[in-house]
Amino acid sequence: MRLSRYFLPVLKETPAEAQIVSHRYMLRAGMIKQQSAGIYSWLPLGFKVLRKIENIVHEEQARAGHVPIQMPIMQGADLWRESGRYDDYGAEMLRMQDRHGRDLLFTPTAEEMVTDIFRSHVSSYKDLPLTLYQIQWKFRDEIRPRFGVMRGREFYMKDGYNFDLTKEDALHAYNRHLVSYLRTYERMGLQAIPMRADSGPIGGDDTHEFLVLADTGESEVFYDSAVTDLTFGDREIDYDSHDQCKAILEEFTSKYARTDETHDEALFNDVPEERRRTARGIEVGQIFYFGTKYSEPLGATVQGPDGKPVPVHMGSHGIGVSRLLGAIIEASHDDKGIIWPEGVTPFHCGIVNLKQGDEEADAACEALYKSLSALGLEPLYDDRKERAGGKFATMDLIGLPWRITVGPRGLKNGVVEVTSRRTGESEEMTPDLAVAKIAGIYEGHMVRGL
C-alpha cells in the first residue's frame, strides 16, 4: 500500500475525550472514529489490525478442533425466558420490539441460541464432544462507556461453547481452551495471565479470566511474580490428550493469581513476600464451565450409552477481539506512539523515501516495495511529498515494527537504513539484505487466514 493512496486520517493533537493511552493513539493514528458513546467506526488501519487478531483467533481455534459458525446479532427473547435469564441479565441488555410486537434483544452473549442449535440437531452421545464458536459483534449497554474500545458498548468478540457427555469431558474442554488461549495471546505478543475469577451472569463455579498487566487496567489483581516467568512458546500439544492439557492448566494456574473479586488474603500471604505483587489488569478473555445450567432448562439432551436421555455438560469461552487492540497498545507503546508486535502489525514494515521525486530514490523504494510484496509481506510505502520529520512522526505514531529509510546519500554508498521501532536502533545494509532481514523476522509470524 502507498500512503498517498491510503486513508489514514492522523491527528496531531490529542482529542480531549481520550483518557488512556490506547484511546488517544487509536484516535490520533486514524484507526477509529466515535459515532456515539461507546460505539466506533473502524477505519482502514484499525480494521486491518482487527482482522489480523481475528485470523490468529481462528487459527488457534481450528488447531484445537473447534468448529466456526455464525449466529445472528438479534435474538428473540423467548429463548432467554426459557433459560430464566431474560429478567436476570439487567440493564446492560438492550431490549426492543419489532413491528409485530415481538420482544427482541441485541446479543450480549449467545449461550441460549447455541444451545437451541445443539438441541435441534444433536441427539446421540456419539456426536460428542462438540465445540462451536463464532466471532461476532455484541452489544452491552454500559452505564458509563469509556476508554475507547476498552469499555465500549458495541464490541467484536469470539464466543465458543462446548458440549460434552460428562463433567470430566467438559473440564477437558475447559483445559483445552486454556491451552489454546495461551497460544493465541502469545502469538499477539501479549502475556495474558489466567486468574481465578468470578463467573458473573454467565454462571458456574469454574472460571478463569485472562488479564494483561497494565496501569490502566480496570481490575485490581494479586499474583505471585513467578507467573510472569511462564511462557508457552512453540511447544506442540495434543489437544485430545486429557493429561497434556491438564498439565498445562496446572503449570499456569498453580501459582497464586486472582482478581479482586476472588482474592483470598490468607492464601496470598502464603506466597513468599518478595514475590507478592499487586497491580492492575486488563481482561482480554474468560473461560467458564457451568455444567447443565443451560442444557437442563432448554432440554439439550442426548441419548447416552444406556439409551437414556442425558443433559449435556457445557462451558463457554470468550476472547475480546476488538478489546485486544486497546490492550496491546496499553502494553506496547512509548511517547511517540504505538509499537505493534510483529504478529498483529497492520503492515510488516514502512518504507520512507527521504526525497520523493529523486529518480534514484524513487526507483530504490519501488524495488523494495515490489521485492517485499513478492514475498507475501505487506509494506507501507510513504511516497508523499512531505518533509522527512513528518514521515518519521507518522511511522512512529502508527507503530510499524520496522522501517526502511531510503535517501540519496545512502544510495550513493549502496545502502538503506533499517530501524527497529521498539529499540530505535538502526543498521545500514544493501537493499537486498534489508529485504532478507525483514523476511526473516516475519518467517514465524505470517497469518495464514482461514
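Colleague: Before we get to Ile-404, what does it take for two strands to pair here?

Modeller: Two strands pair if DSSP finds at least two bridges between them. Keep in mind that this is a predicted model.

Colleague: Okay, so which residue in S22 is the bridge partner of Ile-404?

Modeller: That's Val-418. Strand S21, residues 402–406, runs antiparallel to S22, and 4 bridges join them. Trp-402 is part of that picture too, standing opposite Ser-420 in S22.

Colleague: And what about S22 and S23, how many bridges there?

Modeller: 4 bridges, again in the antiparallel sense, with S23 covering residues 426–429. Val-416 stands opposite Met-429 in S23.

Colleague: What sits between S22 and S23?

Modeller: A turn: the two strands form a hairpin with 5 residues between them. Gly-424 in that turn has a positive phi of about 80 degrees.

Colleague: Is S22 mostly covered or mostly open?

Modeller: Mostly covered, with 4 of the 5 residues in S22 (416–420) buried.

Colleague: Zooming out, what's the strand order in the sheet?

Modeller: S20-S19-S21-S22-S23, an open sheet of 5 strands with mixed pairing. S20 (379–382) and S23 stand at the edges with a single partner strand each, so one side of each has no neighbour in the sheet. From one strand to the next, the twist averages 20 degrees.

Colleague: Which helix packs on the sheet?

Modeller: Helix H11, residues 388–398, which touches S19 (349–353), S20 and S21. The direction of H11 makes about 170 degrees with that of S19.

Definitions and conventions: Residues numbered from 1 in each chain as written. Predicted model: local features only at pLDDT ≥ 70, side-chain atom pairs only at ≥ 80, totals over all residues. Heavy atoms only, no water. Buried < 20%, exposed > 50% of the residue type's maximum accessible area, 1.4 Å probe, protein only. Axes fitted to C-alpha atoms, helices over the stretch in contact; angles between N-to-C directions. Contact = heavy atoms within 4.5 Å.
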